[in-house]
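Subject: A structure for you to explore

Hi there,

Here is the structure I promised to pass on to you. Please open it next to this email and turn it around as you read.

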Amino acid sequence: MNRAWWKEAVVYQIYPRSFMDSNGDGIGDLNGIISKLDYLKLLGVDVIWLSPVYQSPNADNGYDISDYQAIMAEFGTMEDFDRLLSQAHGKGLKIVMDLVVNHSSDEHKWFVESRKSVNSPYRNYYIWRDGKNGGPPNNWGSWFGGSTWTRDGATGMYYLHLFSPKQPDLNWSSPALRDEIYRMMTWWCDKGIDGFRMDVISMISKPDILPDGPAENGAQYGDFTPYCIHGPHVHEYLREMNSRVLSHYDIMTVGETSGVTVEQARLYAGEDTHELNMVFQFEHVDVPGKYAGWRTNKISMPFLRAVFSKWQTGLNGKAWNSLFLGNHDQPRSVSQFGDDRPAFRVVSAKLLATWLHMMQGTPYIYQGEELGMTNCPFESLSEFRDIDSLNGYRTWVENGPLTHAQFWPFLLFKSRDNARTPMQWSARPNAGFTTGTPWIRVNPNYTEINAEAALADPNSIFYYYQKLIRLRKTYPVIVYGSYALLEKNDPNLCVYIRELAGEKLLVICNFSDKKQAYTLPEGFSGTQILITNLNRSAVDEPSLTLQPYEAVVLRRPV
Ligand code: NOJ
C-alpha cells in the first residue's frame, strides 16, 4: 500500500456555528476558531475539516451556499479566513474545506438567473422539468420531507431539490456548470487550502430520464436513490475533477457517499482510480427503520463490528477507509454507541476511541468527542433549530401518523441538533462558548463536561485521544497494518489483530457494562500494553477479566 500524509493524519471536524464565538453574537466564527488552534495542536490532530463557512442564507446551516467564494458574514470575512489559514499552517495544521456542489442555495446568482427564463444562459445549471398531470414530474420524496420538486412561478416549470426547496440541485451534465465548479475549486486550492470534504458527492449525477421511484406500501413519495445515488456519470465527473483540479495539488479529499458499497468505494477511493482519497460510508449509522431514519435504539456492537470488519477487509490494499462515529449529522457518539450514564461515560468514550483509532483508515474526531460530549436533554420543540428535525416533526406528527409523545423520543435521540449544541469550553456561563445568547441551547452538563476540566485532569478523555494520536505517529502498524477479526461471535467483546511486517497489535474491547473473561491468543501474554482505558499495568496471564467497557491494546514486536 502506498504511503500518504492523509493516511497518517487525524482529522478534527469543526462545525463553525457551534465551536467558538469571538464577538458575542451567539454564533461561532472564524476568529473563535483561530483562538482555539493551540487547543487543537495540544490534542495533536493534523487536519481541520471546516463545515461550510461560505456565504449562505442558512436554510441548512451553510449547506446551502449562495456564494462559493465569499465568507458567511456571521462567521467573519475573507481576511479572517486568510488569517485562519496562515495561522493554522504556521502551527502545522491543515485546513480542509467542505465542498457542497450537489446543490447550491436558491439565492445563488446562478439560480436567481436560471429561474428567470427558459432562455437564461444559467437555465441548464439546474434541473428543470415540466409537471405531469397537474403535479410534479415524478413521485420522488426529498430527504428533508415533501416532494423533491418545486414549481417555479416565472416559467411554470419544476426544479429538482433532493434536499429542501432552498437547495436546488446543480446539473452536472452541463459542461459549463462543471467548468464553474472546477474554476472555483482551483481558486481555493491556489489560496492554499489542503483539501475538500465533498458533500453528498455520490449524488451529483442524475439520469436524463427521471422515472417514479419505488414507494413503500401506501407511502406518499417514492425513493429517488436508485436513480440519483452513484448515478450514471458520477465516476466520469470525479475523474474529470481529479484531472482538472485535484491532481495538481497535494491535497486530501474525502467524499460523503451515502449508500456506498465496498465495491463502489473501491472505485471512488481506489489506490489507482484517480477519483478521491477516501469516502465516508454510513452503514453503521443509516439503519433502515419503520420511520425513515428516525429511531431510538442504540447501535449494537455485533452490528458495528460486522460493518467495520467488512470495510476493513474489503478495502485493505485496494482503497482507503475513513473512520468516524460522530459528525454534525449524527447523535453524539458516546450516546449512540457507548454508554453515557455517568458511571460509564468516560470509560466507554475511551473504549470507542480505542476501537476506532486502532483500525486501518484515517480517523475523524467530531468537535467535543474528545470531551465525551453527550446528547442534549432538549425540553421543547422550540429548542430545535435543525431543518431536518423540524421537517421530520412536520412529516411524522403534524401531517403524519405519530403523536407528539411518540415522535419526541426519536427527536431526542436522533436529532442532528444533538451534535450542534455549543462546544463546552468551561464551566462559565454558556460553557464559555459565547458572552451573548447562544443560537442554540447549551447542554446543561457543561458544568461538569468541558475542555477546561479535561485539560486539568490527566485521566481525561482529551488526554486519552492525545495518546492515541501519538501512538499513531509512532507505530506504522496502526496506520498501515492489515486487520483480522477474532472472536467473531462474542456478544460483548470486539477483538481484532493488526499486523505489519510481523509486528502485531491485539485490540481487545469489552463493549458491555459487565465484567468479561477473555483468553489471549498465543504469544500475547506478557507483551507490552500500548494503551488501556483503565489501570491495568500488565497482562501476564493468558486469561484476564476485563472490566466493564475496558479496552486494552497489546503489542507484540517482530
Ligand atoms: C450532508 C450534510 O452533512 C448535511 O448536514 C446536509 O444537510 C446535507 N448533506 C445536504 O447538504
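Below I go through what was found, from the whole chain down to single residues.

**The whole protein**

Please keep in mind that this is a predicted model. The protein has 17 helices and 20 strands. Its radius of gyration is 24 Å, close to the 24 Å that the globule rule gives for 558 residues, so the protein is as compact as a globular protein of that length. If you draw a box along the principal axes, the C-alpha atoms fill roughly 75 × 55 × 50 Å.

**Three pairs of helices**

Let's begin with helix α12, residues 345–357, and helix α16, residues 461–474. Their axes come within 10 Å and cross at roughly 15 degrees. Angles under 35 degrees count as roughly parallel, and so α12 is roughly parallel to α16. The crossing of these two helices is right-handed. On the α12 side, the contact is made by Arg345, Val346, Ala349, Lys350, Ala353, Thr354 and His357. On the α16 side you will find Ile461, Tyr464, Tyr465, Leu468 and Arg472. Sorted by class, the residues of this contact are seven nonpolar, two polar and three charged.

Next come helix α13 (residues 387–398) and helix α14 (residues 404–414). The axes of α13 and α14 also come within 10 Å, and they cross at roughly 150 degrees. An angle over 145 degrees counts as roughly antiparallel, which means that α13 is roughly antiparallel to α14. The crossing of α13 and α14 is right-handed. Here Ser389, Gly392, Tyr393, Trp396 and Val397 from α13 meet His404, Phe407 and Leu411 from α14. This contact holds five nonpolar and three polar residues, with no charged ones.

The third pair is helix α6 (residues 175–191) with helix α8 (residues 234–244). Their axes come within 10 Å and cross at roughly 40 degrees. The two helices are therefore oblique to each other. α6 passes α8 in a right-handed crossing. The residues to click on are Arg178, Asp179, Tyr182 and Met185 in α6, and Tyr237, Glu240, Met241 and Arg244 in α8. Their classes come out as four nonpolar and four charged, with no polar residues in the contact of α6 with α8.

**A sheet of five strands**

Now for the strands. Five of them form an open sheet in the order β14-β15-β16-β20-β18, and the pairing is antiparallel. Which strands stand at the edges? They are β14 (482–486) and β18 (528–532); each has a single partner strand, so one side of each is left without a neighbour in the sheet. On average, neighbouring strands of this sheet are turned by 20 degrees against each other, if direction is ignored.

Inside this sheet, have a look at strand β16 (residues 503–510) and strand β20 (residues 551–556), which pair in the antiparallel sense over six bridges. Lys504 stands opposite Arg556 in β20.

A helix belongs in this part of the picture too. Helix α10 (residues 301–315) lies across β14 and β15 (493–500), and it runs at about 150 degrees to β14.

**A sheet of three strands**

Three strands form another open sheet, in the order β6-β8-β7, with antiparallel pairing. Its edge strands are β6 (128–129) and β7 (149–151), each of which pairs on one side only. β7 and strand β8 (residues 158–160) run antiparallel and are joined by three bridges. For a landmark here, find Trp149, which stands opposite Leu160 in β8.

**Two alanines to look up**

Finally, here are two single residues. Where does Ala292 sit? Ala292 is in the loop between β11 (278–280) and α10. Its phi is near 50 degrees, a positive value in a residue other than glycine. Ala431 has a positive phi as well, of about 60 degrees, although it is not a glycine. You will find Ala431 in the loop between α14 and α15 (451–455).

A good way to start is to show the helix pairs one by one and then move on to the sheets. Have fun with it, and write back with any questions!

Best wishes

Terms used
Residues numbered from 1 in each chain as written. Predicted model: local features only at pLDDT ≥ 70, side-chain atom pairs only at ≥ 80, totals over all residues. Heavy atoms only, no water. Axes fitted to C-alpha atoms, helices over the stretch in contact; angles between N-to-C directions. Helix = DSSP H or I, 4+ residues; strand = E, 2+ residues; numbered from the N terminus. Parallel < 35°, antiparallel > 145°, perpendicular 65-115°, else oblique. Left-handed = near helix turned anticlockwise from the far one by under 90°. Contact = heavy atoms within 4.5 Å. Nonpolar A, V, L, I, M, F, W, Y, C, P; charged D, E, K, R; others polar. Pairing = 2+ DSSP bridges. Rg over C-alpha atoms; globule rule 2.2 N^0.38 Å.
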